[in-house]
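Q: Could you take a close look at the surroundings of the ligand in this model, and then work outward through the loops and helix contacts of the chain?

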Amino acid sequence: MGFSTRQIHAGVSPDPVTGSILTPIYQSTTYVQPSVDEYLAKGYSYSRSGNPTVRALEMKLADLEGGAGSACFGTGMAAVQAVMLAFLNAGDHAVVSDVAYGGTYRLCTKVLNRFGVRFTFADTARPEAVAAAVQDDTRLIFTETPANPTMKLTDIAAISEIARQAGAIHAVDNTFLTPYYQRPLELGADVSVHSTTKYIDGHNATVGGAAVSRSAELDEAVRFIQNSTGTIMSPLVAWLTLQGCKTLSVRMERQSANALAIAQFLEAHPKVAQVCYPGLESFAQHELACRQASGFGAMLWFEVRGGLAAGKQLMDCVELWSLAENLGSVESLITHPVTMTHADVEPAERQRVGIIDGLVRLSVGLEDAEDLIGALDRALAGI
Ligand SMILES: Cc1ncc(COP(=O)(O)O)c(C=O)c1O
């Protein structure tokens, strides 16, 4: 069956007790067992270890990504953390995208490093740089593509092959494109990670995460961390996210079409110094974007002439676009990564990986493209 059919029907079925077409919110801590001998007969004991509403979302996401199983978490960072805890031990080495989300960078450099895990931040856009970074004890390669906020792409198939030869796990943060446009597991990766806070939910209503694994063994390792660290998603968040999933393909198509129109408008604007969107032919890795994904997504960045001061002025005066940190929602958002999402990344490291001071990030929503363009046009005229 096609993606749009599966995004609605996979993982869920009418409630056997009432016929409710929506999976209920199983707001229960514990589950009564029929007898000591039939412990776990219905699969649930305690909602930290598993919950039927969360399970429905886990099954849906596993289906959409083409994985053997998935685990859902209270936040995207809990999903990233679970993958790292599942596959890394003290003394192990990991290679991570040098442009990964700021929270991922912070988890590596300020938390997991304290437990003896060693990280190399490599330019994952260059497979040869990843191969050179791999050491004898590299157990995990963690990439993010497109990366937040630079939009740098990583060739998933090429890095998966490097990981396979090194005997390491390749986990891909697939938050920006979602399984509708990009399926890392089909390209050879082992785990696909999401901040479901973004497009999977899509309505600025929840914070959540997911890790979808290629095999049942990998899924079990991630689920063990989910239970041990107590980071499972809540039933209400899972329920809201289940509703969001049903329109994922429609939202992605429309938001991506809006993003392309906005990128083209900005590219032609005299006050804009540069625009970075994978769907533009001017995008350095446009060929890779076409090869490994079936769409370009709805994230882009641009630089206003006049540098940081002009960028700040634009963000403060633009109508309709909300100055806010999230991305992937139906509401269009505008962000300044240097002072907002990536403030924890050291300035030298930011400069090195291309997060320039004047970078303005757009998360294009579902509004009418002409309204979004009109608002940007008026704001640009005023600076
Ligand atoms: C690419 C990416 N991965 C992971 C995360 C972390 O997700 P969360 O904020 O749900 O913890 C984010 C958050 O912005 C992100 O953009």
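A: The ligand shell and beyond

The ligand is surrounded by 14 residues, and the closest of them are Thr-75, Gly-76, Met-77, Ser-195 and Thr-197. The model is a predicted one, and every value that follows is computed from it. Helix 3, which spans residues 76-87, supplies the largest share of this shell, with three residues. Sorted by class, the shell around the ligand holds eight polar residues, four nonpolar ones and two charged ones.

From the ligand we can turn to the backbone, beginning with the loop between strand 4 and helix 6. Pro-146 sits in this loop, which runs between strand 4 (138-144) and helix 6 (156-166), and the peptide bond that leads into Pro-146 from Thr-145 is cis, with omega near -10°. Pro-149 belongs to the loop between strand 4 and helix 6 as well, and the bond joining Asn-148 to Pro-149 is also a cis peptide bond, with an omega of about 5°. Met-151 is a further residue of the loop between strand 4 and helix 6, and its phi is positive, near 70°, although Met-151 is not a glycine. Met-151 counts as buried because 24 C-beta neighbours lie inside 10 Å, where the cut-off for a buried residue is 20 or more.

A positive phi in a residue other than glycine is found at Thr-178 too, with a value near 65°. Thr-178, however, lies in a helix, namely helix 7, which covers residues 178-181. Thr-178 has 29 C-beta neighbours inside 10 Å and therefore counts as buried.

The next topic is the packing of helices. Two packed helices are described by the angle between their axes and the distance between the axes. Helix 10 (residues 248-267) packs with helix 14 (residues 369-381) at an angle of about 30°, and their axes are 10 Å apart. Helix 10 is therefore roughly parallel to helix 14, since angles under 35 degrees count as roughly parallel. The crossing by which helix 10 passes helix 14 is right-handed. On the side of helix 10 the contact is made by Asn-258, Ala-261, Ile-262 and Phe-265, and on the side of helix 14 by Ala-369, Leu-372 and Ile-373. Six of the residues in the contact of helix 10 with helix 14 are nonpolar and one is polar, while none is charged.

A second pair is formed by helix 2 (residues 52-65) and helix 9 (residues 235-245), which pack at an angle of about 35° with their axes 8 Å apart. Here the crossing of helix 2 and helix 9 is left-handed. Helix 2 contributes Thr-53, Val-54, Ala-56, Leu-57 and Lys-60, which meet Pro-235, Ala-238, Trp-239, Thr-241, Leu-242 and Cys-245 of helix 9. By class, the contact of helix 2 with helix 9 comprises eight nonpolar residues, two polar residues and one charged residue.

The loops on either side of helix 2 can be followed through one residue each. Arg-48 is placed in the loop between helix 1 (3-9) and helix 2, and with 14 C-beta neighbours inside 10 Å it counts as partly exposed. Leaving aside residues within four places in sequence, Arg-48 is in contact with Asn-227, Gly-230 and Ile-232. The C-alpha atoms of Arg-48 and Asp-15, by contrast, are separated by 22 Å, with these positions 33 residues apart along the chain.

Ala-68 lies in the loop between helix 2 and strand 1 (69-73), and it counts as partly exposed, with 16 C-beta neighbours inside 10 Å. Although Ala-68 and Ser-215 are 147 residues apart along the chain, their C-alpha atoms are separated by 5.0 Å. Ser-215 is one of the residues that Ala-68 touches beyond four places in sequence, together with Ala-62, Ser-213, Arg-214, Ala-216 and Asp-219.

A last position to consider is Gly-311, which is placed in helix 12, residues 307-317. Gly-311 is buried because 23 other C-beta atoms lie within 10 Å. Not counting residues up to four places away in sequence, Gly-311 touches Val-304, His-336, Gly-358 and Val-360. The C-alpha atoms of Gly-311 and Leu-380 are separated by 9.5 Å, and the two residues are 69 residues apart along the chain.

Key: Residues are numbered from 1 along each chain as its sequence is written. This is a predicted model: local features need pLDDT of at least 70, side-chain atom pairs count only at pLDDT 80 or more; totals for chains, interfaces and linings use all residues. Helices (H or I, at least four residues) and strands (E, at least two) are DSSP runs, numbered from the N terminus. A residue is buried if 20 or more other C-beta atoms lie within 10 Å of its own, exposed if 12 or fewer, and partly exposed in between; C-beta atoms are placed from the backbone. A residue is near a molecule or strand if its C-beta atom, placed from the backbone, lies within 6 Å of it. Ala, Val, Leu, Ile, Met, Phe, Trp, Tyr, Cys and Pro count as nonpolar, Asp, Glu, Lys and Arg as charged, and the others, Gly among them, as polar. Axes are lines fitted to C-alpha atoms, for helices over the stretch in contact, and angles run from 0 to 180 degrees between N-to-C directions. Angles under 35 degrees count as roughly parallel, over 145 as roughly antiparallel, 65 to 115 as roughly perpendicular and the rest as oblique. A crossing is left-handed if the near helix is turned anticlockwise from the far one by less than a right angle, and right-handed if clockwise. Two residues are in contact if their C-beta atoms, placed from the backbone, lie within 7 Å.
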